[in-house]
Amino acid sequence: MIQSTIHQLRYSLDVIQDEARHLVHEGVLSRQQPIYTLCQFIPPREWSCVEGELEKCDFLLRDRIADLIGSENWEND
């Protein structure tokens, strides 16, 4: 039997950063875009959790994705 309660997914800052890095790496998002553009890739009912975690960690939705993911390490081939 399927439980009728809905469990809300918890988004940690690490998970949000990993998702943002992945989208930037894939070329879907730019490091210069505001963090709120991530909402296009997160289900609407879960966005409030993401927004809450970002606010808890002192990020504003208008901050750039680059601020969220920090500097990238480039390795020479």
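Is Lys 56 buried or exposed? Lys 56 counts as exposed, at 55% relative accessibility. Keep in mind that this is a predicted model. The protein has three helices and zero strands, so the pattern along the sequence reads simply α-α-α. Of its 77 residues, 32% are buried.

**Overall picture**

- The accessible surface of the protein comes to about 5,900 Å², and carbon and sulfur atoms hold 49% of it.
- Take the contacts with a separation of 6 or more: 72% of them join residues 24 or more positions apart.

**The nonpolar core**

- The largest nonpolar core has 18 residues.
- Ile 16, Leu 38, Val 50, Leu 54 and Leu 68 are the ones with the most contacts inside this core.
- Helix H1 (13–25), helix H2 (44–56) and helix H3 (65–69) each give two or more residues to the core.
- H1 gives the most, with five residues.
- Leu 68 is a good place to start looking: leaving out residues up to four places away in sequence, Leu 68 touches Leu 13, Ile 16, Gln 17, Ala 20, Ile 35, Leu 38, Leu 54 and Phe 59.

**Helix H1 and its two sides**

- H1 runs for 13 residues and reaches 18 Å from its first C-alpha to its last, close to the 18 Å expected at 1.5 Å a residue.
- The buried residues in H1 are Leu 13, Ile 16, Gln 17, Ala 20, Leu 23 and Val 24.
- These residues sit on the same side of H1, because they cover an arc of only 130 degrees around the axis.
- H2 and H3 are among what covers the buried residues of H1.
- Flip to the other side of H1 and you find Asp 14 and His 25 exposed.
- After H1 comes Gly 27, which has a positive phi, near 85 degrees.

**Gln 17, a buried residue in H1**

- Gln 17 lies in helix H1 and has a relative accessible area of 13%, so it counts as buried.
- Setting aside neighbours within four places in sequence, Gln 17 is in contact with Leu 68 and Ile 69.

**Two salt bridges**

- A search of the whole structure turns up two salt bridges.
- One of them pairs Arg 21 with Asp 18, with the closest N and O atoms 3.1 Å apart.
- Arg 21 and Asp 18 both lie in H1, three residues apart, or about one turn of the helix.
- Both ends of this pair are partly exposed: Arg 21 has a relative accessible area of 33%, and Asp 18 comes in at 47%.
- The side chains of Glu 53 and Lys 56 also meet in a salt bridge, at 3.2 Å from N to O.
- Glu 53 and Lys 56 are both in helix H2, again three residues apart and about one turn of the helix.
- Why does a spacing of three residues point the same way in an α-helix? There are 3.6 residues a turn, so residues three or four places apart point the same way.
- The H2 pair has a buried end and an exposed end: Glu 53 is buried, with a relative accessible area of 8%, whereas Lys 56 is exposed at 55%.

**The loop between H2 and H3**

- Asp 58 is found in the loop between H2 and H3.
- Phi of Asp 58 is near 65 degrees, a positive value in a residue other than glycine.
- Asp 58 has a relative accessible area of 68%, so it counts as exposed.

Key. Residues numbered from 1 in each chain as written. Predicted model: local features only at pLDDT ≥ 70, side-chain atom pairs only at ≥ 80, totals over all residues. Heavy atoms only, no water. Core = buried A, V, L, I, M, F, W, Y, C linked by side-chain atoms within 4.5 Å. Buried < 20%, exposed > 50% of the residue type's maximum accessible area, 1.4 Å probe, protein only. Helix = DSSP H or I, 4+ residues; strand = E, 2+ residues; numbered from the N terminus. Contact = heavy atoms within 4.5 Å. Expected span 1.5 Å × (residues − 1). Arc of directions from axis to C-beta. Areas by Shrake-Rupley, 256 points an atom, 1.4 Å probe, with all protein chains shown as cover. Salt bridge = Lys/Arg side-chain N within 4 Å of Asp/Glu carboxyl O.
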